[in-house]
Amino acid sequence: MSTTGIAGKDNLPYKTYLSEDELPTHYYNVRADMQVGHAPILHPGTLQPVTVADMEPIFCTALAEQELNATDRFIEIPGAVRDFYRMYRPSPVIRAYYLEKALGTPARIYYKYEGGNTSGSHKLNSAIAQAYYAKEQGLKGLTTETGAGQWGTAMAMACVYFGLDLDVYMVRVSYEQKPYRKIVMQTYGANVIASPSDRTNVGRKMLENAANKGGSLGTAISEAVEVAVSTEGYRYVLGSVLNQVLIHQSIIGLEAKKALEKLGEYPDIVIGCAGGGSNLGGLMAPFMEDRLAGRPAPHFIAVEPASCPSLTRGRFAYDFCDTGQVTPLAKMYTLGHAFMPSSNHAGGLRFHGMSPILSQLYHDGFLDEARAVEQTAVFEAAELFTRTEGTLPAPESSHAIRVAIDEALRCKETGEEKVILFGLTGSGYFDLAAYEQYNSGTMTDYIPTDEDLERGFATIPSLPGIQ
């Protein structure tokens, strides 16, 4: 066991790393262990279950096959991808001793830190895999969207590594609030466009209504897909929501589980922020394997922003994954594909829906709980974490920190010595404008009214005879 830092009173290390030889060789596909009737992804024209052939104009063939793979529990990590991972993986599991001390809790708090690469987040885990498959297929370039910018940055890094062109449609409100992430993407050679843009049919249509100017991930997805399917030698890539992404992100949980085993620990609670589902899905995957096999497993908590509450206030229904209605339909918890998050929302996690895999697990009771938290409470937790643990967390990750603190304080009240694991998906050094808002007292909370949500729900398609 490789460790650094100062051991606590129970003689467990502050940081725990796996050795390079222990880097996982295979991803875990949680879908293969879900003994439920998976709601198929539907073709938007025929409303029939999509096939790999249907998806090939949008996605690389290998990724389309992974998307529909419901049988292979483990999928080999390509050698070139595993070699790239060695630049920053395995990533550490860190014991939050100083946060524990500040809270006065008997709980043992661990976090899996994914911010130790230039993209600043876990997104690189899937970006490099998707770029690899594109290169293997002989493509010229890729298109994608990004919200807060982590995915776009990760994809820019991956594309330059494999010699691919990249167009990134960045949600306009984030494009304006987070200019430095845009600069990093451009440094890696990506073409970054504010969305909605005047470059696509979908973008021009959205710009006709001033209320849509701030953009959404749904709109950016529509633009990126439109360009991909109309440009020879290009395909589209997505950084969350899809099964293929959760497969790649399972490396987070596989490493975390093995590191905790070295410490003789197993979490009572696993917490992750939830926007589209890539972070939470990746972290909890191998622990969910225990739940699905009938073994003891943690209590799983998904944490989402109160301003975009798909799990806690959304509907479990078939909906488009994009605003322009050009993508297939997925059954998921959704706020409606036309839902626009408030422009005052400082973090990512802006997608109108949730991963179909996580949605099904939540609907069936395997994912135990979802909580929605206001952003001022999130930044309060982020500030405490920064002052105690010395790492500035991304706003997205700080949703998980908020609930980890709440659970640790509950242990303080009950005297329970629970083991809490959460995902710290990235650093917050490109989010200083949001931290400035919080510190200056100008940050506000926005919680959609029922009327706000109804406008989004009204756009969920009615599909008679399809459940």
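Is Leu68 buried, partly exposed or exposed? Select Leu68 in this predicted model and you will be looking at a residue that counts as partly exposed, its relative accessibility being 27%.

**Stop one: a loop residue**

With Leu68 still selected, follow the chain to either side, and you will see that Leu68 sits in the loop that runs between α2 (61–67) and β4 (74–76). If you set aside the neighbours within four places in sequence, the residues in contact with Leu68 are Arg31, Val50, Thr51, Val52 and Met55. Now add Pro393 to the selection, a residue 325 places away from Leu68 along the chain, and the viewer should show 34 Å between the two C-alpha atoms.

**Stop two: salt bridges**

Side chains of opposite charge can pair when their charged atoms come close. The structure holds 26 salt bridges, and a few of them deserve a visit.

Select Asp290 and Arg295, whose side chains form a salt bridge in which the closest N and O atoms are 2.8 Å apart. The two partners can be described one by one: Asp290 counts as buried, at 5% relative accessibility, whereas Arg295 is partly exposed, with a relative accessible area of 41%.

Next, select Arg371 and Glu407, where the salt bridge has an N to O distance of 2.6 Å. This pair links distant parts of the chain, since Arg371 belongs to strand β15 (residues 369–373) and Glu407 to helix α16 (residues 395–414), with their positions 36 residues apart. Arg371 is buried, with a relative accessible area of 16%, and Glu407 also counts as buried, at 5% relative accessibility.

Stay with helix α16 and select Asp406 and Arg402, which meet in a salt bridge of 3.0 Å, N to O. Because Asp406 and Arg402 are four residues apart in helix α16, about one helical turn separates them. Asp406 counts as partly exposed, at 29% relative accessibility, while Arg402 is buried, with a relative accessible area of 10%. For a group rather than a pair, select Arg89, Lys112, Glu114 and Glu255, which are joined into one network by salt bridges that share partners.

**Stop three: the largest pocket**

How much space lies in the largest pocket? The volume is about 380 Å³, and to find the place you can select Ala211, Ala338, Phe339, Met340 and Pro341, which are the closest to the pocket's centre of the 20 residues that line it. Then select helix α18 (residues 450–457), which gives the largest share of the lining, three residues. If you colour the lining of the largest pocket by class, you will find nine nonpolar, eight polar and three charged residues.

**Stop four: the cysteines**

A disulfide is a covalent bond between the sulfur atoms of two cysteines. How many disulfides does a search of the whole structure find? The search finds zero, and two cysteines can serve as examples.

Select Cys159 together with Cys60, which holds the cysteine sulfur closest to that of Cys159: the distance is 9.8 Å, so the two sulfurs are too far apart for a bond. Cys159 counts as buried, at 1% relative accessibility. Finally, select Cys273 and Cys308: Cys273 is in no disulfide, and its nearest cysteine sulfur, the one in Cys308, is 13 Å away. Cys273, too, counts as buried, with a relative accessibility of 4%.

Technical notes
Residues are numbered from 1 along each chain as its sequence is written. This is a predicted model: local features need pLDDT of at least 70, side-chain atom pairs count only at pLDDT 80 or more; totals for chains, interfaces and linings use all residues. Side-chain values use heavy atoms; hydrogens and water are left out. A salt bridge is a side-chain nitrogen of Lys or Arg within 4 Å of a carboxyl oxygen of Asp or Glu. Buried means under 20% relative accessible area, exposed over 50%, partly exposed in between (1.4 Å probe, protein chains only). Helices (H or I, at least four residues) and strands (E, at least two) are DSSP runs, numbered from the N terminus. On a 1 Å grid over the protein atoms alone, a cavity is a set of points where a 1.4 Å probe fits but cannot get out, and a pocket is an open set with protein on both sides within 12 Å along at least five of seven lines; lining residues have an atom within 4 Å of a point. Grid points are joined across faces, edges and corners, and a volume is the space filled by probe spheres set on the points. Ala, Val, Leu, Ile, Met, Phe, Trp, Tyr, Cys and Pro count as nonpolar, Asp, Glu, Lys and Arg as charged, and the others, Gly among them, as polar. Contact means heavy atoms within 4.5 Å. A disulfide is a pair of cysteine sulfur atoms within 2.5 Å.
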